[in-house]
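Here are a few exercises to try with the model open beside you. Work through each task before you read its solution.

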Amino acid sequence: MSDLPVEKQFTHMMFCQQIQNIDIDSAKQLLTELHMLYLGQQALMVKIAKQEFLGGM
């Protein structure tokens with residue numbers, strides 16, 4: 001980690017401290033919700049790409 005800039009090292013250290021006491025069930029629920037948002041974003045990007053591709057023909 002020493003190859004990272006000091007501010008990134010600090011950010012990582014703070015992140016690690018914050019997740020020490022995380023409730024695993026809450027984390028699982030949040031991860032599930034984030035994954036659904038990610039899949040929705042992917043689907044939207046595909047839809048936009050198709051529209052641009054078909055609209056450009």
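**Exercise 1. Count the helices and strands in the protein chain.**

Solution. Take helices as DSSP runs of H or I with at least four residues and strands as runs of E with at least two, numbered from the N terminus. The protein chain then has two helices and zero strands. Helix 1 covers residues 6–19, and helix 2 covers residues 24–55.

Before going on, note that this is a predicted model, where local features need pLDDT of at least 70 and side-chain atom pairs pLDDT 80 or more, while totals for chains, interfaces and linings use all residues. Numbering starts from 1 along each chain as its sequence is written, and side-chain values use heavy atoms, with hydrogens and water left out.

**Exercise 2. Compare the radius of gyration of the protein chain with that of a compact globule of 57 residues.**

Solution. Start with the rule: 2.2 Å times the number of residues to the power 0.38, with the radius taken over C-alpha atoms. A compact globule of 57 residues would come out near 10 Å, but the protein chain has 19 Å. Next, look at the box filled by the C-alpha atoms, roughly 50 × 35 × 10 Å along the principal axes. Finally, check one pair: alanine 43 and valine 6 are 37 residues apart along the chain, and their C-alpha atoms are separated by 37 Å.

**Exercise 3. Sort serine 2, phenylalanine 15 and alanine 43 by exposure.**

Solution. Use relative accessible area with a 1.4 Å probe and protein chains only: buried is under 20%, exposed is over 50%, and partly exposed is in between.

- Serine 2 lies in the segment before helix 1 and is exposed because its relative accessibility is 70%.
- Phenylalanine 15, in helix 1, is partly exposed because its value is 47%.
- Alanine 43, in helix 2, is partly exposed because its value is 47%.

As a last step, take the whole chain: buried residues make up 0% of the 57 residues.
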